[in-house]
Amino acid sequence: GDQSLSQSSELVVPDQPPSREKPFRCLECGKSFRKSTKLLTHQHIHTGERPYTCRECGKSFRQSSTLIRHQHIHSGERPYTCRECGKSFRDSSTLILHQHIHSGERPYTCRECGKSFRDSSTLILHQHIHSGERPYTCGECGKRFQLRGTLLRHEQTHTDERPFCCTDCGKGFKRNCTLIRHRRIHSGERPYKCGECGKSFTQSGNLTSHQRTHQ
């Protein structure tokens, strides 16, 4: 405790007096914090230090909270549950993204064409269409792709491997998303619900096609 406080006092001698609310300031970027412990955690960004290590796999993290979320992978724990459909997730951010399926919310909009997306990562991938960028290269044949998912699907044409297996019937699939859709045959899950009439579907594409009948 005393050592941490002495370290933080050496690291936070600002050029200008810090505010009373956030007295601990990072000398690298100027960002201020209420607690010295928050500053020390923040400084791992600049130093590259990852002091929190998973005992199961050895992967390291900058923050203890990130390690805790990671450990759900090994424990199988999914503490965040969707109230709409009961599906559970390992972290709150994935639950929030999932809930956009039920609300229909698409908060990330492309400035080029106005198309909207449920999450920022999908928007970034979409923008490659406008820039023409093809950052993903096949190691087998050198063919380049705009989307990582397209590259992964292409790479499976070079192999007949089907690593994603259904625990109910043993059927194998090349892609995890295909396995997820397949398992709905066994579970009866229909997570995509029409806001107009309440009809539910196993796949988002089927819901999109159905919604056109209301237009």
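# Notebook: a predicted chain, from overall spread to single residues

**Overall form.** I began with the secondary structure of the protein chain, which comes to ten helices and 14 strands. The radius of gyration is 23 Å, well over the 17 Å that the globule rule gives for 215 residues, so I note the chain as more spread out than a compact globule. I keep in mind throughout that this is a predicted model. For the extent of the C-alpha trace I looked along the principal axes, where the spans are about 65 × 45 × 40 Å.

I then asked what share of the 215 residues is buried. The buried residues make up 23% of the chain. Turning to contacts with a separation of 6 or more, I found that residues 24 or more positions apart account for 4% of them.

**Helix H5.** I next looked up helix H5, which runs over residues 92–103 and has twelve residues. From its first C-alpha to its last it reaches 16 Å, close to the 16 Å expected at 1.5 Å a residue. The buried residues I list for H5 are Leu95, His98, His100 and Ile101. An α-helix has 3.6 residues a turn, so residues three or four places apart point the same way. As for what covers the buried residues of H5, the cover includes strand E5 (80–81), strand E6 (88–89) and strand E13 (192–193). After the helix comes Gly104, and I recorded a positive phi for this glycine, near 80°.

**His100.** Within H5 I picked out His100 and asked whether this histidine is buried or exposed. His100 counts as buried because its relative accessibility is 7%, and the cut-off for buried is under 20%. Leaving aside neighbours within four places in sequence, I find His100 in contact with Glu105, Pro107 and Arg118.

**His128 and Tyr136.** A second histidine, His128, sits in helix H7, which covers residues 128–131. Its relative accessibility is 10%, so I count His128 as buried. Not counting residues up to four places away in sequence, His128 touches Glu133, Pro135, Tyr136 and Gln146.

That list led me to Tyr136, which lies in strand E9 (residues 136–137). Tyr136 counts as partly exposed, because its relative accessibility is 23%. Which residues does Tyr136 contact, once neighbours within four places in sequence are left aside? I noted Leu125, His128, Lys143, Arg144, Phe145, Gln146, Leu147, Arg148 and Leu151. I also checked Tyr136 against Gly58, which is 78 residues away in sequence, and the two C-alpha atoms are 28 Å apart in space.

**Ile73.** For another pair distant in sequence I took Ile73, found in helix H4 (residues 64–75). Ile73 counts as partly exposed, because its relative accessibility is 47%. Between the C-alpha atoms of Ile73 and Lys143, which are 70 residues apart along the chain, the separation is 33 Å.

**Second largest pocket.** My last entry concerns the second largest pocket, in which about 200 Å³ of space lies. Which residues line the second largest pocket? The lining is made up of Asp168, Asn176, Leu179, Ile180, Arg183, Arg184, Ser187 and Glu189. By residue class, I divide this lining into two nonpolar, two polar and four charged residues.

Notes: Residues are numbered from 1 along each chain as its sequence is written. This is a predicted model: local features need pLDDT of at least 70, side-chain atom pairs count only at pLDDT 80 or more; totals for chains, interfaces and linings use all residues. Side-chain values use heavy atoms; hydrogens and water are left out. On a 1 Å grid over the protein atoms alone, a cavity is a set of points where a 1.4 Å probe fits but cannot get out, and a pocket is an open set with protein on both sides within 12 Å along at least five of seven lines; lining residues have an atom within 4 Å of a point. Grid points are joined across faces, edges and corners, and a volume is the space filled by probe spheres set on the points. Ala, Val, Leu, Ile, Met, Phe, Trp, Tyr, Cys and Pro count as nonpolar, Asp, Glu, Lys and Arg as charged, and the others, Gly among them, as polar. Helices (H or I, at least four residues) and strands (E, at least two) are DSSP runs, numbered from the N terminus. Buried means under 20% relative accessible area, exposed over 50%, partly exposed in between (1.4 Å probe, protein chains only). Contact means heavy atoms within 4.5 Å. The expected span of a helix is 1.5 Å times one less than its number of residues. The radius of gyration is taken over C-alpha atoms; the globule rule is 2.2 Å times the number of residues to the power 0.38.
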